[in-house]
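Colleague: I have a few questions about this one. Can you put it up so we can go through it?

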Amino acid sequence: MRLNDEEQAMLAGGAGPARQWAIDHQMRVGRYLGAADFVPVSQAHIMADTESLGSAGVAWLERLAALPEDQRSVRIPTITDPRGTDFAAAARLKQQDWMLALERRAIAAFEALGVLMTDTCINYQTIMPAVRGEHMAYGDTGVVIYSNSVLGARSNFEGGPSALAAGLTGRTPRYGYHLPDKRRATLLMRVDFTPRELHDWGALGGIVGRIAGDYWQVPALVGIDRVPTSDELKHFGAALASYGSVALFHMVGVTPEAQRLADVADPSLTPAATIAEADLRAFQGAYRSGIDKVDVVVFSTPQLSLLELRALAGMLDGRRTTVPLLVVTSPQVKPDADRLGITARIEATGGLVLSGMCFYQSYAREMAEANGWQSLVTNSAKLVNILGGYGYRPALLSMQECVDAACTGRIA
Amino acid sequence: MTGFRAAAAMGKRVRGRALVAKDGFSARYDLDRVNGVFARPEHKLAGQSYVGRVLVLDAAKGGVATAWMLHEMAARDVMPLALVLNRVNPIMVQGAALADFTMMSGFDVDITAVVPDGALVEVDTEADPPCLRILPGP
């Protein structure tokens, strides 16, 4: 990789051991993936829940955090993905003291590094959305795919260590979706049915993701007959990234780089699949099969926007839950939900509104064992994709069906 | 001895028994990392131990957590010996770089179709180009 003088100085240790590790790590990644040089980035976003970090990862962070301030501080705005708990509700979730202790240590280390503890996976809705053409080092696949596709930003998936490295150096290796030619569509799909509800958008994302199958595929969709909302594209993108490891999609007539199909696709690209409403119902039905009694209902993954919370509160008004109902949002949205009475409406029915965490990043396996949870109902396609490996039997339903399940303890 | 050239590799050269499937890999989605087994019921290796094995799989899947999780798995020594994939994503590369883990990817053939499950293999990251070899013997 070509290095400028500043990068060579960092590699030589002139900016301290943290930046030396960071640029060496980035060069190892960049060489593997064919980067010719670095590109400056204006933000980094770090996924680093302690279930992923483990005690080894937290100790590794603490070693960086013990360096002198001028050597350890990030150089660009660096923010965080959800944490592994909401400390205010940890006892109700039956999370254990060692989990909370590890979280506190990780938070202290990140704060010492100058990281802003935003604890959100919807920063594109709440913190500072990227601008078209802006290079970023974003963690959380949902953040990357939304920012790349809906906003026209340029980011690869940056796992926690690489996002932190980008924060320390202010740059990232120039490969993948930082390069214009990698952003062209590789896969064309026709959609015969424009989804109506969030779990339909998630199912569509899951189907496209399964067909796409890997990170280097860029699906282009034609046939969506209206402009989706931010929440709809949030669920679609999160599921597409989860099922397919996909980081960029184009929706012709909707997303900024694909006002026309010809803007992103060669004429030789022909539809690889046509997706109909029946395909979405089959996708959802496969998860629902065999689940009757419901142990827990979860709205999470991604964190809910204020508008999702308001819609949920409206469906819950006047009802009473009979099984645990967990509703997860960001620390930026929660105060507004409190101020507007939305939190109180949800919690008056027996629900619990959580802030700054994400369900699957919060020791989901241990929570299942401690609470006796197996069958889980959600409207998040991404969550059902993940939780099978954690021992849950998840079902993908609409928001209204989830509310009904929370109140009756059964799937209708 | 049969060998397959790869586009890229990192980590140490290792030898071990292959565990092969035409399926993806994600530390978060697929593994019970405490017990060292594939846990997602739909995975073709569900229930099988990956500890000390050379995993030969199709593509990197899932989210960003694997970037930390490989490091955490290595610290507890409940870890595959190496990961060999047809196609990687950046997260696998970033995680392997942090954990100093052996990984290889990018073949002219579907690597999951040509390596027999249980074969003794060498992941030669030092060769130029990198190479996966099937070694003779039981």
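Modeller: One term first: two residues are in contact if their C-beta atoms, placed from the backbone, lie within 7 Å. By that count, residues 24 or more positions apart account for 75% of the contacts in chain B with a separation of 6 or more. Bear in mind that this is a predicted model.

Colleague: What are the ipTM and pTM?

Modeller: The model scores 0.95 for ipTM and 0.96 for pTM. In chain B the average pLDDT is 95, and 99% of the residues score at least 70.

Colleague: Staying with chain B, how many helices and strands are there?

Modeller: Chain B has 4 helices and 9 strands. Along the sequence they follow the pattern β-β-α-β-β-β-α-β-α-β-α-β-β.

Colleague: Why call chain B as compact as a globular protein of that length?

Modeller: Its radius of gyration is 13 Å, close to the 14 Å that the globule rule gives for 138 residues, so chain B is as compact as a globular protein of that length. The C-alpha trace of chain B spans about 35 × 25 × 25 Å along its principal axes. As for burial, 57% of the 138 residues of chain B count as buried.

Colleague: On to the interface. How many residues of each chain are in contact?

Modeller: On chain B, 33 residues are in contact with 31 residues of chain A. Elements of chain B that give two or more residues to that side are β1 (2–10), α1 (27–30), α2 (66–76) and α3 (90–99).

Colleague: And how do the residues on that side of chain B divide?

Modeller: The side of chain B that touches chain A has 19 nonpolar, 7 polar and 7 charged residues.

Colleague: Which residues does A:Ser52 touch?

Modeller: Leaving out residues up to four places away in sequence, A:Ser52 touches A:Gly160, B:Ala65, B:Trp68 and B:Met69. A:Ser52 belongs to helix α3 (residues 50–65) of chain A.

Colleague: Is A:Ser52 buried or exposed?

Modeller: Buried, because A:Ser52 has 25 C-beta neighbours inside 10 Å, and the cut-off for buried is 20 or more.

Colleague: How far is A:Ser52 from A:Ser242?

Modeller: Their C-alpha atoms are separated by 17 Å, with the two residues 190 apart along the chain.

Colleague: Now the sheet in chain A. What is the order of the 3 strands?

Modeller: The order is β3-β2-β4, an open sheet with parallel pairing. At the edges are β3 (78–80) and β4 (137–138) of chain A, each of which pairs on one side only. Strand β2 (residues 44–46) of chain A is joined to β3(A) by 3 bridges. The bridge partner of A:Ile46 in β3(A) is A:Thr80.

Colleague: Any odd backbone geometry? Where are the cis peptide bonds?

Modeller: One cis bond runs from A:Thr301 to A:Pro302, with omega near 0°. A:Pro302 is in strand β10 (residues 296–304) of chain A. Another cis bond joins B:Asp128 and B:Pro129, with omega about 0°. B:Pro129 lies in the loop between β8 (120–124) and β9 (131–134) of chain B.

Colleague: What about phi at A:Thr301?

Modeller: Phi is positive there, about 60°, although A:Thr301 is not a glycine. A:Thr301 is also in strand β10 of chain A, and with 29 other C-beta atoms within 10 Å it is buried. Most residues other than glycine have a negative phi.

Colleague: And A:Asp140, what is its phi?

Modeller: A:Asp140 has a positive phi of about 65°, and is not a glycine. A:Asp140 sits in the loop between β4 and α7 (141–149) of chain A. A:Asp140 counts as buried because it has 33 C-beta neighbours inside 10 Å.

Terms used
Residues numbered from 1 in each chain as written. Chains lettered and ligands numbered in written order. Predicted model: local features only at pLDDT ≥ 70, side-chain atom pairs only at ≥ 80, totals over all residues. Nonpolar A, V, L, I, M, F, W, Y, C, P; charged D, E, K, R; others polar. Pairing = 2+ DSSP bridges. pLDDT = per-residue confidence, 0-100. Buried ≥ 20, exposed ≤ 12 C-beta atoms within 10 Å, placed from the backbone. Rg over C-alpha atoms; globule rule 2.2 N^0.38 Å.
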